[in-house]
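Subject: A structure for you to explore

Hello! Here is the structure I promised to pass on, with some notes to read alongside it. Please open it first and keep it in view as you go.

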Amino acid sequence: MKATLQAETRSTDTRGDLRKLRADGVVPGVLYGFGETAQAIQIKLTELRPLLRRSHGATLLIDLRIGEETAPITTVIREVQRHPVTRQILHCDLLKVDLTRKYSVTVPIFLAGESVGVKNFGGVMDVHIREIDVRCRPDEIPESYTLDVSGLMIGDSIRVADIPRGKEEFLTHADVTVVSVATPRKVVEAAPVAAVEGEEAAEAPAEGEEAAEGGKGKKEEPKGKKEESKGKKEES
């Protein structure tokens, strides 16, 4: 399916002028391709935004008209730059395409329905990839692939090879799994860790250790020597 887009030639390129264009609801852009010099253009945001919601990258063919030119140029959206915080569209690049050549593009995958394995048996839906790479002519590029997952039971999966295709060639390997339904994961609570006997022993003070600390700096005189010295004093 083709879309149409009206653009105008852009004569300004200074930072201040580009900022003013955006404030007026106009997006600066560039058209290039076929080895030709890039052409500066500008597009109304109200016309560009609906196409971006449909295009899913470079999958939508666009007949671009510039100014009063009557002959449309077949293009795809190549790149859209957005403000990192506000997500405002800052710039848009369009690429001229040759309808007789094949291009490599990335096509998104969407899932439809609710898996019976998830709904009735508590399975877990694992989405492995959300897009695949294909190669085909511009007028053969699918906008997206929609896969019905409602019939998937636990243990079932859909591979790239299972995706219905037209004339496009899949570049992503056929054995790659797109989506699968896995067995529900059990949450096992960890049992409290019992104190190890050896650790308790290590933490408790060693026998005699406390006494040694308490008597630090004092040397206890042997009992026999005390009695001997006492007897000498009495003799004197």
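**Two loop residues**

Phe-34 sits in the loop that connects strand 2 (26-33) with strand 3 (36-44). Strands here are DSSP runs of E with at least two residues, helices are runs of H or I with at least four residues, and both are numbered from the N terminus. Before going further, please note that this is a predicted model, in which local features need pLDDT of at least 70 and side-chain atom pairs count only at pLDDT 80 or more, while totals for chains, interfaces and linings use all residues. Residues are numbered from 1 along each chain as its sequence is written, and side-chain values use heavy atoms, with hydrogens and water left out.

Phe-34 is not a glycine, yet its phi is positive, near 60°. Its relative accessibility is 48%, so Phe-34 counts as partly exposed (buried is under 20% relative accessible area, exposed is over 50%, and partly exposed is in between, with a 1.4 Å probe and protein chains only). Arg-87 also has a positive phi, of about 65°, without being a glycine. You will find Arg-87 in the loop between strand 5 (73-82) and strand 6 (89-96). Arg-87 is partly exposed because its relative accessibility is 48%.

**An open sheet**

Now look for the four strands that form an open sheet with mixed pairing, in the order 10-7-9-12. Strand 10 (145-148) and strand 12 (169-170) are the edge strands, each pairing on one side only. Two strands pair if DSSP finds at least two bridges between them.

Strand 7 (residues 103-112) and strand 9 (residues 131-136) run antiparallel and are joined by six bridges. Across this pairing, Ser-104 faces Arg-135 of strand 9, and Val-107 has Ile-132 as its bridge partner. Strand 7 also pairs with strand 10, here in the parallel sense and over four bridges. On strand 10, Tyr-145 is opposite Ile-109.

**An aromatic pair**

How many aromatic pairs does the structure hold? There is one. Tyr-145 and Phe-170 meet edge-to-face, 5.8 Å centre to centre with 85° between the planes. Rings of Phe, Tyr and Trp (its six-membered ring) pair if their centres lie within 6.5 Å; planes under 30 degrees apart are stacked, over 60 edge-to-face, and the rest tilted. The pair links strand 10, home of Tyr-145, to strand 12, home of Phe-170, with the two positions 25 residues apart. Both Tyr-145 and Phe-170 are buried.

**Salt bridges**

Side chains of opposite charge can pair when their charged atoms come close. The structure has six salt bridges, each a side-chain nitrogen of Lys or Arg within 4 Å of a carboxyl oxygen of Asp or Glu. Among them, Arg-137 meets Asp-139 at 3.1 Å, N to O, and Glu-140 at 3.8 Å, N to O. Another joins Arg-159 to Asp-175 at 2.8 Å, N to O. Arg-159 is in strand 11 (residues 157-159) and Asp-175 in the loop between strand 12 and strand 13 (177-182), so this pair ties together parts 16 residues apart in sequence. By sharing partners, salt bridges join Arg-137, Asp-139 and Glu-140 into one network.

**Cysteines**

Finally, the structure holds zero disulfides (a disulfide is a pair of cysteine sulfur atoms within 2.5 Å). Cys-92 counts as buried because its relative accessibility is 0%, and Cys-136 is buried with a relative accessible area of 0%.

Enjoy exploring!
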